[in-house]
Amino acid sequence: MVPARSRIAITLGAKAQARGASTATELLADLIGVVIVSLAVFLSYRFASRLIAYLGETGTAVFLRLSSFILLCVGVAIIWSGLVDLIQPLLLR
């Protein structure tokens with residue numbers, strides 16, 4: 001099974017390719033975005049135990065709920081994008 005973050009990257013990358021050819025500036029911006037997200041994920045995993053100790057039990061529960069909500073929003077956006085791409089050609093006939 002493909003991890004959730006990989007599926008999100010694949011979906012967003014496919015959507016970007018559907019827009020057409022990208023300029024060098026857009027490709028550079030995409031690369032910078034990937035590096036920033038990768039660094040954020042690395043730092044999150046690296047210091048997760050310290051963060052949980054700092055937040056405590058209540059803070060950890062709040063953090064988990066907020067991150068779950070953000071992941072839900074990303075999933076809904078991906079599903080919505082897929083449905084629009086599926087239904088839009090049918091309506092234009």
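User: Before we start, what is the expected span of a helix?
Analyst: The expected span is 1.5 Å times one less than the number of residues in the helix. Keep in mind that this is a predicted model.

User: OK, so how far apart are the end C-alpha atoms of α3?
Analyst: They are only 47 Å apart. Helix α3 has 44 residues, and a straight helix would reach 64 Å. So α3 falls short of the expected span, which is 1.5 Å times one less than its number of residues.

User: Where is the kink in α3?
Analyst: The kink is centred on Gly56. The bend there is about 115°.

User: Let's zoom out. How many helices and strands does the chain have?
Analyst: The chain has three helices and zero strands. Along the sequence the pattern reads α-α-α.

User: What share of the residues is buried?
Analyst: Just 3% of the 93 residues count as buried.

User: And how much area does the chain expose?
Analyst: About 8,200 Å². Carbon and sulfur atoms supply 73% of that area.

User: Now Thr60. Which helix is that in?
Analyst: Thr60 sits in helix α3, which covers residues 48-91.

User: Is Thr60 buried or exposed, and why?
Analyst: Thr60 is buried, because its relative accessible area is 14% and buried means under 20%.

User: What does Thr60 touch, leaving aside its neighbours within four places in sequence?
Analyst: Thr60 is in contact with Ile52 and Leu55.

User: Switching to Val35. Where is that one?
Analyst: Val35 is in helix α2, residues 24-46.

User: Why does Val35 count as partly exposed?
Analyst: Its relative accessibility is 49%. Partly exposed lies between the 20% and 50% cut-offs, so Val35 belongs there.

User: Which residues form the nonpolar patch on the surface?
Analyst: Val35 is one of them. The others are Leu28, Leu31, Ile32 and Ile36. Together they have about 480 Å² of accessible area.

How values were computed
Residues are numbered from 1 along each chain as its sequence is written. This is a predicted model: local features need pLDDT of at least 70, side-chain atom pairs count only at pLDDT 80 or more; totals for chains, interfaces and linings use all residues. Side-chain values use heavy atoms; hydrogens and water are left out. Helices (H or I, at least four residues) and strands (E, at least two) are DSSP runs, numbered from the N terminus. Buried means under 20% relative accessible area, exposed over 50%, partly exposed in between (1.4 Å probe, protein chains only). Contact means heavy atoms within 4.5 Å. Patches are made of residues with over 30% relative accessible area and no salt bridge: like charges are joined within 9 Å, nonpolar side chains (Val, Leu, Ile, Met, Phe, Trp, Tyr) within 5 Å. Accessible areas come from the Shrake-Rupley method with a 1.4 Å probe; for residues, only the protein chains shown count as cover. A salt bridge is a side-chain nitrogen of Lys or Arg within 4 Å of a carboxyl oxygen of Asp or Glu. The bend at a residue is the angle between axes fitted to the seven residues ending there and the seven starting there.
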